[in-house]
Amino acid sequence: MIYTCTLNPSIDYVARVKDFKEGDLNRTESAQMYPGGKGINVSRVLKRLGIESTAIGYTGGFTGEFIKDFLTNETITHDFITVSDLTRINVKLKSEKETEINGLGPSISSSNQEELLEKINSMNEGDFLVLAGSIPQSITEDFYGEIAKKCLLKGVKAVIDTAGTALIKTFHHSPFLIKPNHHELGDLFQTKVGSVEDAVFYGKKLLNEGVENVIVSMAGEGAIFLNKQHTLLANVPAGTVKNSVGAGDSVVAGFLSQIIQQNDIQSAFKYGVASGSATAFSEDLCTKDLVEKLVKEISIKEI
């Protein structure tokens with residue numbers, strides 16, 4: 001079973017405004033609402049790729065009910081913990097420029113945190129747990145590290161997609177996979193990662209820290225996969241980027257979808273890159289048809 005955990009989900013309100021004018025009355029040309037949050041995105045992409053998962057985390061109020069109803073309508077299993085505050089709303093304004101206003105999110109009590117840890121205790125050896133997104137201000141930065149430790153003890157494979165201290169705290173608990181982009185990788189080592197060679201050098205440092213597998217997104221230069229056995233480079237297929245939201249989450253989902261079906265690193269890496277590209281080339285998250293098309297345009301080579 002794959003579980004995805006989103007500690008601070010959202011409703012993403014995406015509004016398109018022609019010629020937005022600050023300080024004036026603007027009217028939307030179109031508007032959509034989606035459940036937001038990196039773990040939720042992973043579950044939604046997995047479903048599109050034909051893989052079942054269970055989404056967990058925290059939701060509250062009528063906004064939290066929207067998220068659960070949306071996932072139910074997409075036949076995605078969920079088991080969220082209810083909190084007293086409202087799930088946040090993030091506003092994404094698309095005009096000549098793209099502007100985002102992200103909500104703060106609910107306060108998560110210590111009892112809420114313990115309830116989540118109990119859910120993780122019920123997971124089984126061989127399960128995957130995707131910990132994705134930022135940690136709410138009411139939770140300490142070592143919470144992902146605490147969860148990763150539980151996963152290691154239980155034989156659950158932890159996938160971590162976050163940044164900064166929250167990510168660093170998981171390294172000595174041997175996470176199965178982390179997926180920084182080249183900017184995030186540079187931030188981990190207080191440097192700038194500007195080339196494939198840089199990414200390989202610092203990616204190997206992560207392996208020495210205890211991480212099993214690393215995927216580094218390199219924007220137009222492709223993506224790199226590293227573990228103790230392989231260092232792989234993938235190209236990015238040609239296409240027009242329409243959407244920056246969910247591409248990294250799609251990489252994780254595509255990779256996992258193949259790991260659990262074929263347990264082959266190279267095909268999983270290729271499928272992950274195709275999934276991320278398919279989302280970037282789409283208005284919403286990727287479709288399986290586009291992923292399958294783009295897979296044919298990606299080549300993997302050992303470096």
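# A guided tour from helix α3 to the loops

Begin by selecting helix α3, residues 110-121: its 12 residues reach 17 Å from the first C-alpha to the last, close to the 16 Å expected at 1.5 Å a residue. Please bear in mind throughout that this is a predicted model.

**Stop 1: the two sides of α3**

Display the side chains of Asn112, Gln113, Leu116, Leu117, Lys119 and Ile120, which are the buried residues of α3. Now turn the view to look down the helix axis: these buried residues fall within an arc of 155 degrees, so they line one face of the helix. On the other side of α3, Ser110 and Glu118 are exposed. To see what covers the buried residues, add the elements around them, including strands β1 (2-6), β4 (54-59), β6 (81-82) and β9 (128-132), together with helix α4 (143-154).

**Stop 2: the nonpolar cores**

Next, select Leu7, Tyr58, Leu116, Leu129, Phe143, Ile147 and Ile224. These are the residues with the most contacts inside the largest nonpolar core, which has 43 residues. Helix α7, residues 196-209, gives the most to this core, contributing 6 residues. Among the core residues, centre the view on Leu129 and show its surroundings. Leaving aside neighbours within four places in sequence, Leu129 is in contact with Tyr3, Cys5, Ile56, Ile120, Met123, Ile147, Cys151, Val156, Lys157, Ala158 and Val159. A second core, separate from that one, has 40 residues, including Leu49, Val130, Ala223 and Ile298.

**Stop 3: helix α8 and Ser250**

Move to helix α8, residues 247-262. Its end C-alpha atoms are 22 Å apart, which agrees with the 22 Å that its 16 residues should span at 1.5 Å a residue. Of those 16 residues, 12 are buried, so α8 is largely enclosed by the rest of the structure. Colour the buried set to see this: Ala247, Asp249, Ser250, Val251, Val252, Ala253, Gly254, Phe255, Leu256, Ser257, Gln258 and Ile259.

Within that set, select Ser250. Because its relative accessibility is 0%, Ser250 counts as buried. With residues up to four places away in sequence not counted, Ser250 touches Val45, Gly272, Ser275, Gly276, Thr279, Leu285 and Cys286. Draw a distance between the side chains of Ser250 and Thr279, which are joined by a polar contact of 2.7 Å. Then step past the end of the helix to Asn263, just after α8, where phi is positive at about 55 degrees.

**Stop 4: helix α9**

Helix α9 comprises residues 265-280; its 16 residues should span 22 Å at 1.5 Å a residue, and the 23 Å between its end C-alpha atoms agrees. α9 is mostly covered, with 14 of its 16 residues buried.

**Stop 5: aromatic pairs**

Now display the aromatic rings, among which the structure holds 6 pairs. Select Phe128 and Phe176 for an edge-to-face example, with 5.5 Å from centre to centre and 75 degrees between the planes. Phe128 lies in strand β9, and Phe176 in the loop between α5 (164-168) and β11 (177-178), so this pair ties together parts that are 48 residues apart in sequence. Phe128 is buried, with a relative accessible area of 5%, and Phe176 is buried too, with 8%.

For another geometry, select Phe225 and Phe255. The ring centres of Phe225 and Phe255 are 6.0 Å apart and their planes meet at 25 degrees, so the pair is stacked. The pair links distant parts of the chain, since Phe225 belongs to strand β13 (residues 223-226) and Phe255 to helix α8, 30 residues apart. Both Phe225 and Phe255 are buried. Finally, show Phe189, Phe201 and Tyr202, a cluster linked by ring pairs.

**Stop 6: Gly164 and two loops**

Select Gly164 in helix α5, which counts as partly exposed at 33% relative accessibility. A C-alpha to C-alpha distance to Glu212 gives 18 Å, for two residues 48 apart in sequence.

Close with two backbone details. Asp19 is in the loop between β2 (10-16) and β3 (30-36); although not a glycine, Asp19 has a positive phi of about 55 degrees. At 39% relative accessibility, Asp19 counts as partly exposed. Thr75 is in the loop between α2 (61-73) and β5 (77-78), and its phi is near 55 degrees, a positive value in a residue other than glycine.

Terms used. Residues are numbered from 1 along each chain as its sequence is written. This is a predicted model: local features need pLDDT of at least 70, side-chain atom pairs count only at pLDDT 80 or more; totals for chains, interfaces and linings use all residues. Side-chain values use heavy atoms; hydrogens and water are left out. Helices (H or I, at least four residues) and strands (E, at least two) are DSSP runs, numbered from the N terminus. The expected span of a helix is 1.5 Å times one less than its number of residues. Buried means under 20% relative accessible area, exposed over 50%, partly exposed in between (1.4 Å probe, protein chains only). The arc is that of the directions from the helix axis to the C-beta atoms. Contact means heavy atoms within 4.5 Å. A polar contact is a pair of N or O atoms within 3.5 Å; within protein, one must be able to donate a hydrogen and the other to accept it, and residues adjacent in sequence count only if both atoms are side-chain atoms. A nonpolar core is a set of buried Ala, Val, Leu, Ile, Met, Phe, Trp, Tyr and Cys residues joined through side-chain atoms within 4.5 Å. Rings of Phe, Tyr and Trp (its six-membered ring) pair if their centres lie within 6.5 Å; planes under 30 degrees apart count as stacked, over 60 as edge-to-face and the rest as tilted.
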